[in-house]
Amino acid sequence: MRALAQYVMRGPMQAGGVAAVATALPLLFWIGAAVIGLVILRLGIRQGLNIGLWAVLPALGWATFGQDPTALVVLLQVMLMASILRTSLSWERALLSGAFLMILTGLMMPLMYPALLDELVQAGVGFYEQYNAEVARSLGSELELIIRNTMNASMAGTYFATAIGMTMLARAWQAGLYNPGGFRKEFHALRLSPAIAVVFAVTMVIGPLLGLNSMLLAWAAGTPLFIASLALVHGFVGRKRWGGQALVAFYVLLVLLGPSLMMLLLVLAFVDSWLDIRGRIKPAGPAE
């Protein structure tokens, strides 16, 4: 990956070519998005937007002719978050802007891709009717609406999570080339402000009360909190100098325990925004 980052930074032709080809090829759109993110972070928003057009064209092709908006949505979110990160040097603002665009995506999906959602919903309804008929009967006519909201939120949320990952990959490339260790330090220090943490928490709670798509709002508000919780864990391990084995064990537990551990992490991220847990921990020797 470092060699790829070095190659694309040789000039606009190399960056634009890699971004366009990667976006045009199936399942490689994420490389194109990360390349554009790197260009924006290193060379500026104007240069990044100019080169970004090379990737937008094949992404539009997938969205229009292939009825698959994944590449386009992820690319636009990476361009937005990378631009906010470059101008503000704030991951909090970048995540906030990405969450806003994710909600907008979730609202636009049913209007722009009704056939795609209808197909997914029918598949979901058929699954429940075949393998969980009791639940399907108990929900009745509400089953289709629940599945529709869930599918819509899951798609938009997956796009958002992927875009965050690609923005972080672009930042890691930038640090690896021009500021070794910079991304590690930056990620370990990532913490939401109390006000933003409250906004995210209230958003997750208030959705059902207002009759909105609660799953969509949960994805939009919960994802930044989850990223902040991962930063908390990495920062804690880094200050204690426990090494990579501790992180491997943590991610194994995350896979095994799933939602229960994720909920705990969301609570920890909220508490950390107020208490700054990492700042209260005495480093075990020199900080990493």
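What follows is a walk through the fold, two helices towards the end of the chain, the aromatic pairs and a few loop residues in a predicted model.

The chain is built from helices: there are 14 of them, and the strand count is 0. Read along the sequence, that gives the pattern α-α-α-α-α-α-α-α-α-α-α-α-α-α. The radius of gyration comes out at 20 Å, close to the 19 Å that the globule rule gives for 288 residues, so the chain is as compact as a globular protein of that length. Along the principal axes, the C-alpha atoms take up a box of roughly 60 × 50 × 35 Å. For a feel of distances inside that box, take Glu-134 and Gly-243: they sit 109 residues apart in sequence, and their C-alpha atoms are 48 Å apart in space. Glu-134 belongs to helix 8 (residues 133–139). With a relative accessible area of 61%, Glu-134 is exposed, because anything over 50% counts that way.

As for packing across the whole chain, 45% of the 288 residues count as buried. Looking at contacts between residues at least 6 apart in sequence, 72% join residues at least 24 apart. The accessible surface adds up to about 14800 Å², and carbon and sulfur atoms account for 68% of that.

Helix 13 is a handy place to look at the packing up close. This helix covers residues 244–257, and at 1.5 Å a residue its 14 residues should span 20 Å; the C-alpha atoms at its ends are indeed 20 Å apart, so the two values agree. Leu-247, Phe-250 and Leu-254 are its buried residues. Viewed down the helix axis, these residues fall within an arc of 55°, so they line one face of helix 13. What they pack against is helix 12 (214–240) and helix 14. The face turned away from the buried side carries the exposed residues Gln-245, Val-248, Val-255 and Leu-256. Right after helix 13 comes Gly-258, with a positive phi near 60°.

Helix 14, one of the two packing partners of the buried residues of helix 13, can be read in a similar way. Its 17 residues (259–275) should span 24 Å at 1.5 Å a residue, and the end C-alpha atoms are 24 Å apart, so expectation and model agree here. The buried set in this helix consists of Leu-261, Leu-265, Leu-266, Ala-269, Asp-272 and Ser-273. Down the axis of helix 14 they fall within an arc of 145°, so they too line one face of the helix. Met-263 and Trp-274 are the exposed residues on the face turned away from that buried side. Helix 14 is followed by Asp-276, and here phi is positive, near 55°.

Now for the aromatic side chains. Searching the whole structure turns up 3 aromatic pairs. One of them joins Phe-183 and Phe-187, which are stacked, with 6.0 Å from centre to centre and 15° between the planes. Both residues sit in helix 10 (residues 182–188), and because they are 4 residues apart, about one helical turn separates them. Phe-183 has a relative accessibility of 18%, so it counts as buried, and Phe-187, at 12%, counts as buried as well. Another pair is formed by Phe-236 and Trp-242: the ring centres are 5.2 Å apart and the planes lie at 75°, so this pair is edge-to-face. Its members have some surface showing. Phe-236 is partly exposed at 29% relative accessibility, and Trp-242 is partly exposed at 49%.

Two loop residues round off the picture, picked out by their backbone angles. Leu-27 has a phi near 70°, a positive value in a residue other than glycine. Its place is the loop between helix 2 (12–24) and helix 3 (29–43), and at 70% relative accessibility Leu-27 counts as exposed. Gln-67 is another non-glycine residue with a positive phi, near 55°. This residue lies in the loop between helix 4 (45–64) and helix 5 (70–88), where its relative accessibility of 40% makes Gln-67 partly exposed.

Note on methods. Residues numbered from 1 in each chain as written. Predicted model: local features only at pLDDT ≥ 70, side-chain atom pairs only at ≥ 80, totals over all residues. Heavy atoms only, no water. Expected span 1.5 Å × (residues − 1). Buried < 20%, exposed > 50% of the residue type's maximum accessible area, 1.4 Å probe, protein only. Arc of directions from axis to C-beta. Rg over C-alpha atoms; globule rule 2.2 N^0.38 Å. Contact = heavy atoms within 4.5 Å. Areas by Shrake-Rupley, 256 points an atom, 1.4 Å probe, with all protein chains shown as cover. Phe/Tyr/Trp six-rings, centres within 6.5 Å; stacked < 30°, edge-to-face > 60°.
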